[in-house]
Amino acid sequence: MNIIEDNLAIWNSSLFKSLPVAGLLSRNPVAYKWKATFRCWMLGEAVFWRMNDLMARSYELHKQGHLLGARILLRCGFETLATLIYLNQLIHRVMNGRMNFHVFCDKTNRLLAGSRNGTTKHKSINIVTVLEKCEKSYPGLVKFYADLSESAHPNFEGLCFGYSKVDHNEYETNFSNRWCELYGERHLDVMELCMESFHVEYNDVWPDLIGKFENWVEVNNTILEATKNDPLPI
């Protein structure tokens, strides 16, 4: 049994094809009059689509022996996973009274519509900051990301280590593509870890959390309305 292929097949058949606003309003008209709750659904499903795409392409490149590309895509997968973990953490913080709801609204805007090149008017949240927040829930996540980043960047590993090997007996450097030799065996294990972590956040954490958050918004709607024009706390 190939766990990755089985998971990808299940994922591909489970992707949301649309997200009707009318359906969310019928689910909870009070909760979904707020844009933040709608953005939560948008983020969750967009993350799912991106994860499915990244993992499928990373797996294909691995099978073809293109390990550098496979690792770069897996690195993107960990960034995408971190976005969902972070969103779930933020929702918890709001419900526990540790984050202002309107600050949360701003953060969902930046997560969903943020950019670094001015494409949108919202500045995206630094992904390293997001990953560091996720480390509290998933110890070791930052280390996996850092290791993959070494391959993605043209530094020692991305250049010398990935494409050359010193023959100390002959006093010469031999060049070749070494990525399969270096990471071919362990790549699938790291992929499985990334996919399993996403499974937990999307299938286990998210469904229960969004229902509780909808109820929280409904219960607190009056105070949220009264404070929606207040300056955001720093």
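How far is the sulfur of Cys105 from the closest cysteine sulfur? Hold that thought for a moment. A word on the source: this is a predicted model.

Now the answer. The closest cysteine sulfur to that of Cys105 belongs to Cys40, and the separation is 8.7 Å. That is too far for a bond, because a disulfide needs the two sulfurs within 2.5 Å. Cys105 itself is buried, at 15% relative accessibility.

Next, Cys180. Its closest cysteine sulfur sits in Cys76, 19 Å away. Again, that is too far for a bond. Cys180 counts as partly exposed, with a relative accessibility of 37%. And over the whole structure? The search for disulfides comes back with zero.

Let me step back to the overall picture. The protein chain has 234 residues, and 42% of them count as buried. Its secondary structure amounts to ten helices and four strands. Start at the N terminus and read along. The order is α-α-α-α-α-β-β-α-α-α-β-β-α-α. The C-alpha trace spans about 75 × 40 × 30 Å along its principal axes.

What about contacts along the chain? Take those between residues at least 6 apart in sequence. Of these, 67% join residues at least 24 apart.

On to the pockets. Rolling a probe the size of a water molecule over the atoms shows where empty space is left. The largest pocket holds about 430 Å³ of space. Several elements each give two or more residues to its lining: α3 (35–63), α4 (67–95), α5 (101–113) and α6 (127–134). The lining has 19 residues. Nearest the centre lie Arg50, Glu79, Thr83, Leu111 and Ile127. Sorted by class, the lining has ten nonpolar, five polar and four charged residues.

The second largest pocket has a volume of about 220 Å³. Here α3 and α5 are the elements that give two or more residues to the lining. The largest share comes from α5, with four residues. Cys105, from my opening, is one of the lining residues. Others on the list include Lys33, Trp34, Arg39, His102, Asp106 and Lys228. By class, this lining divides into six charged, four nonpolar and two polar residues.

Keep Lys33 and Trp34 in mind, and look at Asn221. Which helix holds Asn221? Asn221 is in α10, which covers residues 221–227. Leave aside its neighbours within four places in sequence. Asn221 is then in contact with Val30, Lys33 and Trp34. With Lys33 there is also a polar contact, side chain to side chain, at 3.2 Å. So Asn221 has contacts with two residues, Lys33 and Trp34, that also line the second largest pocket. Is Asn221 buried or exposed? Asn221 is buried, because its relative accessible area is 15%, under the 20% cut-off.

One last stop: Tyr171. Most residues other than glycine have a negative phi. Tyr171 is not a glycine, yet its phi is positive, at about 55°. Where does Tyr171 lie? Tyr171 is in the loop between β3 (164–167) and β4 (172–175). Tyr171 is exposed, with a relative accessible area of 76%.

To recap. There are zero disulfides in the whole structure. Cys105 is buried and helps line the second largest pocket. Asn221, in α10, makes its side-chain polar contact with Lys33. Tyr171 has the positive phi. That's my tour.

Notes: Residues are numbered from 1 along each chain as its sequence is written. This is a predicted model: local features need pLDDT of at least 70, side-chain atom pairs count only at pLDDT 80 or more; totals for chains, interfaces and linings use all residues. Side-chain values use heavy atoms; hydrogens and water are left out. Buried means under 20% relative accessible area, exposed over 50%, partly exposed in between (1.4 Å probe, protein chains only). A polar contact is a pair of N or O atoms within 3.5 Å; within protein, one must be able to donate a hydrogen and the other to accept it, and residues adjacent in sequence count only if both atoms are side-chain atoms. Contact means heavy atoms within 4.5 Å. On a 1 Å grid over the protein atoms alone, a cavity is a set of points where a 1.4 Å probe fits but cannot get out, and a pocket is an open set with protein on both sides within 12 Å along at least five of seven lines; lining residues have an atom within 4 Å of a point. Grid points are joined across faces, edges and corners, and a volume is the space filled by probe spheres set on the points. Ala, Val, Leu, Ile, Met, Phe, Trp, Tyr, Cys and Pro count as nonpolar, Asp, Glu, Lys and Arg as charged, and the others, Gly among them, as polar.
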